[in-house]
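Welcome, and please open your viewer. We will go from stop to stop, selecting a few residues at a time.

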Amino acid sequence: MKHSHAIPLFLLGALALGTPHIITAGAYDDLVGIGGQPGNVPEPSNPEPVDPSSGYDNSDNSNDSSNTGNSGGIFNWFKPKPVDHYQKAAEIRARADRAYGKGNYSDAVKLYKRALRHTPNDADLARKLSTAESTLAANRARRNHERHVRQQEREAAHKKPLQSPVPPLPATTVRPKPSPIITAVPATFVSATQTRSSLRDIKVRIDVLRKNSPTSDLHTLDILLAKYVNTWVQAVSRNDLTDKDRESLQLEIPVRDVDETGGKPASISKNSATEALAANEEPSYGGSRDLETMLARFNADRAQQGAEQLGEKVAETIFPENIAGKFGDILALGKVSGELSRDNTPGAIKEVVDIIIGKLAIPQASFAVDGGRIYSATAFLALNKFMEDSTQAVGGTFNRKEFWESLRNQMNTGQKAVMEWIGGPDGK
Amino acid sequence: MENNIRIIIYIAVFTISLFSCLPMVAVAQQNDQQAAPATPAATRDPAPAEALLNTTIALPASCSIRVRWAQPPMGHAAAEKARLRIPDMSFSVDADGNPWIGLDDHRIVSPANMFEAKTPMPFTGFTHLDSGAMLVSTVTKLGFLVAPRAASDTGQPMQVVSFQPIAQLPGLYGRLYTGPADTLYVAVTRPGGTNDLYRLKPGAVLKGFEKILETAEEIAGVAGTDKKVFVAIGRQVYEISPETKRVTPLPATISHPITGLAITPRNGLIVSTSRGVSYLINGTFETIVETPNPRICVRKGTLYVFFPASLGVAAFDSIASLADLNHQ
């Protein structure tokens, strides 16, 4: 009797299995119950509650679905697809959880995403994915920050030798501990910028020392001044500086518009200068008028003679032996007598002075060699080549390399003189 | 009779040949003169000499001054071809007595030192100290020239030297003048048009620019002694005492604006004007050189007069002997 009822039910069940998608879950469960419980089915790992709104009614068949897993019963051959999705999702989620636990957030995110492909409506999976993604992002940000910090530390480690060897400025407050030893040894040249910074530091210390104790610590002041100048000299004496470097190495020299007592300098007002000019509109030559008049007359006479127009060709005038050749390269033309007053007051006694009037003769031969120095009247005919021309004119060969070497030595000598002029300890 | 005729013919032939050969000998002599590297005493040649144009010298016969060329001038033709810009020229003499000429605001030459170079920026003046230092001013800076970087030796005819600034000037358009014991005077113009004179003492440069004069007019020349500073403005020379800050105009005036001022070892004042060079004797300026636009510099008892039209520099040794006239 019992079997008589079972046969039609079996047939109905077989039909239902042929169209599983049409059959409801409840009917299917009934059929499973008829077929009996399969044996040795493993428990699914980490059963998770499913959102009731997920579309799958798992309230009471989650275990049943697993019971219909891998073995047992003929109905297992017709295992429905959704069951595999859950299991697959569960397996993948388990792997994702392990990856997350190991801190492998990137893999965890990937696995959670894969799991969600099987159970896209799994809110818990979605939450876990979100958590893993945020953890991964935070982890990446932290790593980037650590990398940046390490990079900065490396750069700082590289820059350390470039830092100024000059000790830091002393605090304005007096410290009980001994002051650092100051030497006049110049700061090591690293770059023009670094030297400029060092110079500023030393200058500030000098100014502080001058301001705080202008007379009590002259020794330290001397040393600092020497250090300041030496550091600067060492830097500007280099031959590899660019114009920009040299510009940056300019010293900071103060401008004192008032003296040490606060007094203003001497002044010539516009009025006094203008008055002086106005008074001199009709200049009174005083004693010099005679000589200027004589010179003007003398030259006028010569102009009348046409000498000027003839290119100033003149012959040396015969003079008394006591003055002939006395004045060197002057072509003496004549002698006039001038009156010189003892002072600039009217009626003063005047002295009669013999004045030799002459012309400066251009040397007929253009070249004169004196101790290796070359004088050339044609030196400026072609300014760009005059060194070569001048040297060749006296039988030599101009060597530009030697010239520049000589020039460099010469300029270095002049440079040293400038350094001495700028001064050090004596220039307190 | 025949012998007499023969003698006459011989004499005639000899005479003709003599006259025909003379020009050749003269040309040969002239060529020899040009070819030979001549002696410095060429001016003693009795033949007519070419004299410097528009220049007359007037020296008291009793003075022991000797005149020589520190730098021979160009010939007249060469000077015309050179097309020199005379107003832009600068002049100074170094401690060895060698002239330095600024041809414009970039080129500096010193034939005696075999120096020719361009500056990387326009300069407004330069001067030499007794110690051998050469200082250069630009519109805003005080500095000096240094040898160019090795890489810049490109074989160009005129190299560009480097300029090392020492300090920023207190004003614009610095003009440099040297005083006693390598004291440096720096005249600058303020943006408002006023002019200031500052002093930098050797070895105490770091102490700063010390202002010693304010004036409304442009400063044309500065010279100094240990206690006094002389400043030329317009046609007047002022005596300034930096300690007492007293300004005293000298009673002597001159007929043309002063362009330069120098002082001899015996504290005699020499001025240059647009028309010549004059010396202060007994309170009046006496002309000793009449020439257009000369520049002057006194170094170790010698007055150097630069003639910009020909680039020649004449040295007047023992110029301080002019002071003897004060006692005549």
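The tour below starts with one chain, moves along a hairpin and ends in the core.

This is a predicted model, in which local features need pLDDT of at least 70 and side-chain atom pairs count only at pLDDT 80 or more, while totals for chains, interfaces and linings use all residues. Residues are numbered from 1 along each chain as its sequence is written, and chains are lettered from A and ligands numbered from 1 in the order in which they are written.

**Chain B.** Select chain B to find 2 helices and 27 strands (DSSP runs numbered from the N terminus: H or I of at least four residues for helices, E of at least two for strands). Of its 328 residues, 52% are buried (20 or more other C-beta atoms within 10 Å of their own, with 12 or fewer counting as exposed and anything in between as partly exposed; C-beta atoms are placed from the backbone).

**The hairpin.** Now select residues 295-299 of chain B, strand β25, where 5 of 5 residues are buried. B:Arg295, B:Cys297 and B:Arg299 point one way, and B:Ile296 and B:Val298 the other. In a regular strand, side chains alternate between the two faces of the sheet. Add β26(B), residues 302-307: the two strands pair antiparallel over 5 bridges (pairing takes at least two DSSP bridges). B:Cys297 stands opposite B:Tyr304, and B:Lys300 in the hairpin has a positive phi near 50°.

**The core.** B:Tyr304 is also among the residues with the most contacts inside the largest nonpolar core, which has 125 residues (buried Ala, Val, Leu, Ile, Met, Phe, Trp, Tyr and Cys joined through C-beta atoms within 7 Å). Its largest share, 8 residues, comes from helix α8 of chain A, residues 218-236.
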